[in-house]
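Student: I'd like to learn how to read a helix and a sheet from a model. Can you walk me through it?

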Amino acid sequence: MGRWFKGFVLLIILVGSITGGAACGQVITLTPTSTPAPTATIAIAIIAVTPPPTPTPAPYTPAPTPTPTITPTPVIYTLVSGDSLLSIANQYGVTVSSLQDANGILDPRTLQIGQQLIIPGSEDVDNTLSTTATPTPLAVSLHNLNFTETAIGGLWVLGEVVNDSAVPVEQVRVGVSLLDEAGSEMVQGAGLVAIDFVDVQGRAPFAVIFGELPGPFERYRTYPISAVEAYIGSYYRDLEIRDLQGEGERYSSHTVTGTVYNFGPEEAVSVQVVITAYDAVERVIAMRQVVPEHNVVPRGGETTFTAILSPIGGPVARLEAIAQGRRLGSEP
């Protein structure tokens, strides 16, 4: 009984303590755990990116293939012993002057056995005759003419053109007509000057040969046929002739030597030298176009040349030489 009584008393005391604490007004409130707010959902819009179309090149239309003009096969003649320009011209029915023009022959006496010549067609001959029939007055004049008969009844006409215009010229062509007593034209011939480019007040020699004369002529007429303003940019003019010398008999062949010096800023290509011989009264008695030892001359460089002249008449009183070239990339 004593143990039970003690337990009862202890229970009374514990209940009183709890009641007394409540009476003092101390209330213990438990804060509920907050419920977190739901996380906002980010909407991601997926945009399908369409790549730009790859550019399609325009279809290539090739340029039309040019239809080649059918060029007739040229007639080639090989020189044999005993040939002359007159005999060849008569054989093929062409003129001596057209034969010279087609082959760039300045002096037929320099032809050699085995050399090949181009025989011009009849169209070329007709063009030559039609151009010489109506000479066009130009600002170039002909001087220092020399008429010399050949041993076979022909005639040499040598001279030089002087450019009296205010601009350089090229493609200079001259004509010669022989007239009878009544002033009627007996025969005519034509030829190019030996120099491609003729500067203002410059000179260029020419030669026209008549292979056979129809009879004695009393008068003559010389005239320029063509000359156009030169395209200066294609020519190289900074070339100088040095140490020009001639050796030989006064009335026979002359061996001419010299040096071409390039004093300009560029390389000169396709270099050529034109030599002219004069007699005591300044008539042209010989001319020759030659290629020097090297036809390409660098800036500050030089090259030598040698030529043999065969004077028509004479004796040789004076020699002149001119060198011309082209700029690199402007060769004809």
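Tutor: Sure, and keep in mind that this model is predicted. Let's begin with helix α2, residues 85-92, where the buried residues are L85, L86, I88 and A89.

Student: Why do the buried residues of α2 line one face of the helix?

Tutor: Start with the general idea: an α-helix has 3.6 residues a turn, so residues three or four places apart point the same way. Now the case here: looking down the axis of α2, you find its buried residues within an arc of 165°, so they line one face of the helix. On the other side of α2 sit N90 and Q91, which are exposed.

Student: What covers the buried residues of α2?

Tutor: The cover includes β1 (75-78), α3 and β2 (116-119). As for α3, which spans residues 96-103, its own buried residues are V96, S97, S98, L99 and Q100.

Student: Which residues follow the two helices, and what is their phi?

Tutor: Just after α2 comes G93, with a positive phi of about 70°. After α3 you get G104, whose phi is also positive, near 65°.

Student: On to the sheet, then. What is the strand order, and is the pairing parallel or antiparallel?

Tutor: It's an open sheet of three strands, ordered β3-β4-β8, with antiparallel pairing. At the edges are β3 (140-149) and β8 (203-210), each pairing on one side only. On average, neighbouring strands of this sheet are turned by 20° against each other, direction ignored.

Student: How many bridges join β4 and β8?

Tutor: Eight: β4, residues 155-163, pairs with β8 over that many bridges, in the antiparallel sense. To see one spot on the strands, look at G159, which stands opposite F206 in β8.

Methods. Residues numbered from 1 in each chain as written. Predicted model: local features only at pLDDT ≥ 70, side-chain atom pairs only at ≥ 80, totals over all residues. Heavy atoms only, no water. Pairing = 2+ DSSP bridges. Helix = DSSP H or I, 4+ residues; strand = E, 2+ residues; numbered from the N terminus. Axes fitted to C-alpha atoms, helices over the stretch in contact; angles between N-to-C directions. Buried < 20%, exposed > 50% of the residue type's maximum accessible area, 1.4 Å probe, protein only. Arc of directions from axis to C-beta. Contact = heavy atoms within 4.5 Å.
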